[in-house]
Amino acid sequence: MAGDVVAALRGRRETLGWCESLTAGLAAATVAEIPGASAVLRGGLVVYATDLKESLAGVPAGVLADHGPVAKETALHMARGCAEKLGVTWAVALTGVAGPQPQDGHPVGEVWLGYYGPGLWTARRHDLARDRAAIREESVRLALDGLLRLVHSAAKST
């Protein structure tokens with residue numbers, strides 16, 4: 001699926017950035033494995049610690065105080081901040097709880113994916129029932145799938 005994302009973005013001459021918390025760089029690394037990824041992948045922000053969501057990704061302190069690091073609002077702001085910071089067409093944010101323990105009232109497997117792109121700012125929740133490694137890997141797969149769908153949708157509307 002990462003190859004399909006690279007091909008789709010390359011064909012549109014668009015760029016990609018990642019803002020990763022629970023996946024800690026796994027999404028960017030997955031895309032970087034694809035030959036030709038450098039034509040679209042500009043980079044990523046690993047904001048594993050909550051304070052870095054604010055200082056690196058630009059999530060407003062009030063959003064973190066009101067909603068916490070695992071929330072729709074946080075994923076949205078992570079994606080927008082990433083797009084602005086990296087100067088990319090598309091940005092995807094991943095935040096959630098990989099486990100093994102729940103975090104701040106959020107169950108293991110709660111994942112929020114934020115997307116920011118041309119005329120688009122949205123987030124989606126996924127509830128994954130797996131172990132830590134599988135949650136992280138499935139989060140990347142879902143993020144790539146969601147991004148590909150949004151890119152194709154944007155292509156149809158232009």
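This briefing describes a sheet, the strand S3 within it, a helix that packs on it, and a pocket. The structure is a predicted model. Its strands include five that form an open sheet with mixed pairing, and strand S3 (90-96) both belongs to that sheet and supplies at least two residues of the lining of the largest pocket.

**The sheet**

- The open sheet has the strand order S2-S1-S3-S4-S5, and the pairing of its five strands is mixed.
- Strand S2 (41-46) and strand S5 (120-127) are the edge strands, since each of them pairs on one side only.
- From one strand to the next, the twist of the sheet averages 15°.
- Helix H6, which covers residues 132-157, packs on the sheet and touches strand S1 (16-20) as well as S3, S4 and S5, and the direction of helix H6 makes about 30° with that of S4.

**Strand S3 and its neighbours**

- On one side, S3 is joined to S1 by five bridges, and these two strands run parallel; within this pairing, Gly-17 stands opposite Ala-91 in S3.
- S3 is also joined to strand S4 (residues 110-117), here by six bridges, and this pair runs antiparallel.
- Two residues of S3 illustrate the pairing with S4: Ala-93 has Gly-114 as its bridge partner, while the bridge partner of Val-92 is Tyr-115.

**Burial of strand S3**

- Is strand S3 buried or exposed? Seven of its seven residues are buried, that is, under 20% relative accessible area, so the strand is largely enclosed by the rest of the structure.
- Both faces of S3 are covered, with Trp-90, Val-92, Leu-94 and Gly-96 buried on one side, and Ala-91, Ala-93 and Thr-95 buried on the other.

**The largest pocket**

- The largest pocket has a volume of about 180 Å³, and of the 16 residues that line it, the closest to its centre are Ser-21, Leu-22, Tyr-48, Gly-96 and Gln-103.
- One of these central residues, Gly-96, is also among the buried residues of S3, which links the description of the pocket to that of the sheet.
- Helix H3 (50-55) and strand S3 each supply at least two residues of the lining of this pocket.
- By residue class, the lining of the largest pocket divides into seven nonpolar, seven polar and two charged residues.

Definitions and conventions:
Residues are numbered from 1 along each chain as its sequence is written. This is a predicted model: local features need pLDDT of at least 70, side-chain atom pairs count only at pLDDT 80 or more; totals for chains, interfaces and linings use all residues. Side-chain values use heavy atoms; hydrogens and water are left out. On a 1 Å grid over the protein atoms alone, a cavity is a set of points where a 1.4 Å probe fits but cannot get out, and a pocket is an open set with protein on both sides within 12 Å along at least five of seven lines; lining residues have an atom within 4 Å of a point. Grid points are joined across faces, edges and corners, and a volume is the space filled by probe spheres set on the points. Helices (H or I, at least four residues) and strands (E, at least two) are DSSP runs, numbered from the N terminus. Ala, Val, Leu, Ile, Met, Phe, Trp, Tyr, Cys and Pro count as nonpolar, Asp, Glu, Lys and Arg as charged, and the others, Gly among them, as polar. Two strands pair if DSSP finds at least two bridges between them. Axes are lines fitted to C-alpha atoms, for helices over the stretch in contact, and angles run from 0 to 180 degrees between N-to-C directions. Contact means heavy atoms within 4.5 Å. Buried means under 20% relative accessible area, exposed over 50%, partly exposed in between (1.4 Å probe, protein chains only).
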